[in-house]
Amino acid sequence: MLKVAKLKCEYLENPIGIGEIRPRFGWIIESDIKNVMQKTFRLQVATDDSFVAPLWDTGVVNSSESAHIEYDGPPLMPSTRYFYRVKITDNHGQESPWSDTGFFETALLDVSQWKARFISPEDSSAGKSSKGKFLRHEFTLDGEITFARVYVTALGMYELYINGKRVGDDLFTPGWTSYKKRLQYQTYDVTNLLKNGVNAVGAVVGCGWYKGDLAGWLGRRNVYGSQTALLLQMLVRYVDGREQIVVTDETWKASDSPILYSEIYHGEIYDARLEQPGWNMPGFDDSNWHSVEVVEYDMSTLTPQDGLPVRRQEMIKPISMFMTPKGERVIDFGQNIAGWVKFTVKGNPGDKVVLKHAEVLDAAGNFYTENLRSAKQRIEYILKGGETETFEPHFTFQGFRYVMIEEYPGEPSLDAFTAVVIHSDMEPTGSFSCSNELINQLQHNILWGLKGNFIDVPTDCPQRDERLGWTGDAQVFIRTACFLMNTAPFFKKWLRDLKADQLEDGGVPYVIPDVLGGSMGNDKLIQQDHSSAGWGDAAVICPWTIYLCYGDKRILKEQYESMKGWVEYIRAHAQNGVLWNTGFHFGDWLALDAKEGSYFGATPNDLVATAFYAYSTELLVRAAKILGKEKDAEEYSRLHANIVKAFQDEFFTPSGRLAVRTQTAHILALMFNLVPDQHRARTIDTLIALLNENGGHLTTGFLGTPYFCHVLSQNGKLDAAYSLLLKDDYPSWLYQVKKGATTVWEHWDGIKPDGSMWSADMNSFNHYAYGAIGDWLYRVVAGLDTDPDMPGYKRILIRPQPGGGLTYAEAQFTSVYGKIAVKWSIEGDNMIVDVTVPPNTTAHVTLPRALAETVNADDISFINCPGGAEAEIGSGNYRFVYPYKK
Ligand code: BGC
């Protein structure tokens, strides 16, 4: 049996509205035998699913590639559905049948196709308004419809309806991009929502990121504009071949809506008494609605949606309701999430439901909202009265585990409340578990860090008045994120914004989309508005990581100039082009070796900055080689060597002492290969000494922490890495787990051992940065990694590294080639390792503490290697059993 399954186009199953002119295809191979490699493939793309006259037929291609096959046929037409199918042969002489048929559909492809105008329900004095506004329009269709698509976007956020039905289930559309440069529009198939005769289209528009409050501590608002607006173009094709378009223009009408107020940080006020039944249906009397204003907007910014929409993902029922000592009635959902509460209520017109949201309770058990800073996270619903009413907010989300019911008519019952979890609609790809329940809870918390913060952009946190695309946090967490869910399309979009917002001199804003640029003047802490070491490096580390984890070369190609721009920015600001000792830096942010009350760790900026400079330059060299840019590769290799030398001259004494005695200094020097070879052992010993001096605890912040365990396990100190991981008193990963955390905290001491809180200034309980340890759990504890030379897990490196008293660990990961699994368990004196290698990949397996001749492994022969035994295997399921030397 040989089968081609799970066809994907641009990582998605049957996407519509794509903007790629050369979309890429991928598939999974299924087979019931071992050692399967694809030998040839044949791919057809056609405009109808009979494939009688394919538009593009690759013919039989000798290739083992089954991911990222680029379309190379005649130019694609806009607003067109294309079908595709694949068949393959393998190395055993088997031939698959044609796969099931997949499809993709193009968007408008060319700005000149837009006939619609942006229309606003507001005027230019509406900057302060946070209302949701209605827009509506009726139109007539005459004939049988075969194809109807709506292309739609907004300045602000929109929800769209046709003939009373909600179009799609995406949230917060059009998503958040660098609006002045890139404004996404969405494409929806509305064929089934339309009818012959009179139809109505309606939209609700709210502030969103476009004009609402942003960066609350700086009091920013109207960052992109002060007027919400809608742009919509509907294309209708009739059976008889006629086409008709419906567009937003000055004939549309507008009205206030029941949404009196909706702001991302602050929540929503909704007066159900103001509902206008039928407003989005044909025949509604809109004679008292007002006219709209046509507004100008640069149409060249329009781009088809290139990320993943935010959607509702999970529903969570509360676990309890209780009264706090202060007398607050609080619901506990048992999990810190990003989303909102959906509730039902019955009462009289004008009765209210008022909810507030918080992540934690304070030491006394009261509702704690101080860490939200200016974010109100408050929902107010005013009942229309009568039948049971159900409510969910529209243009806001909250970060919370606890909900305080401030008002509610009658006795609230628990089953009236459900938490709705929202995030970008990424495919879950990874799982990890082991014999230690605290580690499993940590893993759970890491996953929820991703769920709570991958909301169209990778945010720092989902609760306080921030929720911004902090580059440093994203860079730190991306490798872990790539295990948990397929984040390639998510980062593709965000990196396009990074590139768009990058400064001309290559500088990288702190947050992407950049909403801080030019506005940091009033900030107490930060004196610059772009280009901190460890933050700006996201420009290089993120595309590189996506390439590694998905084998996606195109992201390197797309981002290459941006990557290079960042390295050049540093070169221009570094002493002699090599030692980066200028500018403002966040440094090893939140490290515990900081001065009392400070956020800046003790490791000096010039060390941190030069270390990251070296690392980014090294990755740039690798990217240049992969893209065949030989001259760049040479040039930046030389630069890299010079940076390393400058680092060593500056920070290592001739006898090999690293002059900065902090954990992070030693970690970065080791991780980025900045240590003179002859002094490696000493550097590691000093790192261990620094650990021991601190009772085996870390003192590291955002930049040192992610690499700590890696540096130890890579340098023969696996035991030390495990004891660091398994520490459960303050400060440690498991300390917060033991304190009941359900997500990862921003601070090691978010809640201190005595129950008091770190300063409310900056104390998020859902910040994924320290969750970067997840990567070590997958790659080292379970031992599931990719060969960087055959990225995307085309060649898998399986190398479990048991320790810490664990008796088993297992990880699964759905790669672009299919499911990979590793499980090891120690049973009695034996080690059992179960492995799944997907077809069309190979794996290099290293069994720890094994003697090759004692491995029971069916037909695989192992050879001895340092630390154990190794073998190269093909696809299939395997079990290896051997006596485990203690
Ligand atoms: C954010 C961080 C971010 C940092 C920059 C904070 O306010 O929450 O996670 O990286 O500022 O130092």
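Two strands are said to pair if DSSP finds at least two bridges between them, and helices (H or I, at least four residues) and strands (E, at least two) are DSSP runs that are numbered from the N terminus. The views below show a predicted model, in which local features need pLDDT of at least 70 and side-chain atom pairs count only at pLDDT 80 or more, while totals for chains, interfaces and linings use all residues. Residues are numbered from 1 along each chain as its sequence is written, and side-chain values use heavy atoms, with hydrogens and water left out.

**View 1. An open sheet of three strands, in the order β1-β3-β7.**
The pairing in this sheet is antiparallel, and six bridges join β1 to strand β3, which covers residues 24-31. As one example of these partners, Val4 is matched in β3 by Ile29. Because β1 (2-9) and β7 (69-70) stand at the edges and have a single partner strand each, one side of each is left without a neighbour in the sheet. Strands of a sheet pair through backbone hydrogen bonds, either parallel or antiparallel.

**View 2. An open sheet of five strands, with helix α14 packed on it.**
The strands follow the order β35-β40-β41-β42-β46, with antiparallel pairing, and the edge strands, β35 (430-434) and β46 (876-883), pair on one side only. Neighbouring strands of this sheet are turned by 5° against each other on average, direction ignored; here axes are lines fitted to C-alpha atoms, for helices over the stretch in contact, and angles run from 0 to 180 degrees between N-to-C directions. Between β35 and strand β40 (residues 808-815) there are five bridges in the antiparallel sense, and the bridge partner of Phe432 in β40 is Ala811. Helix α14 (residues 774-782) packs on the sheet and touches β35, β40 and β41 (818-827), with a direction that makes about 65° with that of β35; contact means heavy atoms within 4.5 Å.

**View 3. Helix α14 and the residue that follows.**
Nine of the nine residues of α14 are buried, so the helix is largely enclosed by the rest of the structure; buried means under 20% relative accessible area, exposed over 50%, and partly exposed in between (1.4 Å probe, protein chains only). Among the buried residues of α14 are Trp776, Leu777, Tyr778 and Arg779. Just after the helix, Gly783 takes a positive phi of about 85°.

**View 4. Helix α9 and the helices around its buried residues.**
Helix α9 (residues 663-671) is mostly covered, with nine of its nine residues buried, including Gln663, His666, Leu668 and Met671. The buried residues of α9 pack against α7 (605-626), α8 (630-651), α10 (680-693) and α11 (705-714). Just after α9, a positive phi of about 55° is found at Asn673.

**View 5. Strand β13 with its partners β16 and β14.**
Six of the six residues of β13 (residues 157-162) are buried, and the strand is mostly covered. Met157, Glu159 and Tyr161 point one way from β13, whereas Tyr158, Leu160 and Ile162 point the other way, and all are buried. Six bridges join β13 to strand β16 (residues 197-206) in an antiparallel arrangement, where the bridge partner of Leu160 is Ala203. Two bridges join β13 to strand β14 (residues 165-166), also antiparallel, and here Tyr161 has Arg166 as its bridge partner. The hairpin of β13 and β14 has two residues between the strands, and Asn163 takes a positive phi near 45° in this hairpin.

**View 6. The surroundings of Phe104, a residue of strand β9.**
Phe104 lies in β9 (residues 102-106) and counts as buried, because its relative accessibility is 0%. Leaving aside neighbours within four places in sequence, Phe104 is in contact with several residues, among them Cys9, Pro15, Phe25, Leu76 and Tyr82.

**View 7. The second largest pocket and its lining.**
The second largest pocket holds about 750 Å³ of space and is lined by 31 residues, of which Leu12, Pro15, Leu308, Pro309 and Arg311 lie nearest its centre. The elements that give two or more residues to this lining are β1, β2 (16-18), β15 (183-189) and α4 (488-501), and the largest share, four residues, comes from β15. On a 1 Å grid over the protein atoms alone, a pocket is an open set of points where a 1.4 Å probe fits, with protein on both sides within 12 Å along at least five of seven lines, and lining residues have an atom within 4 Å of a point.

Note on methods. Grid points are joined across faces, edges and corners, and a volume is the space filled by probe spheres set on the points.
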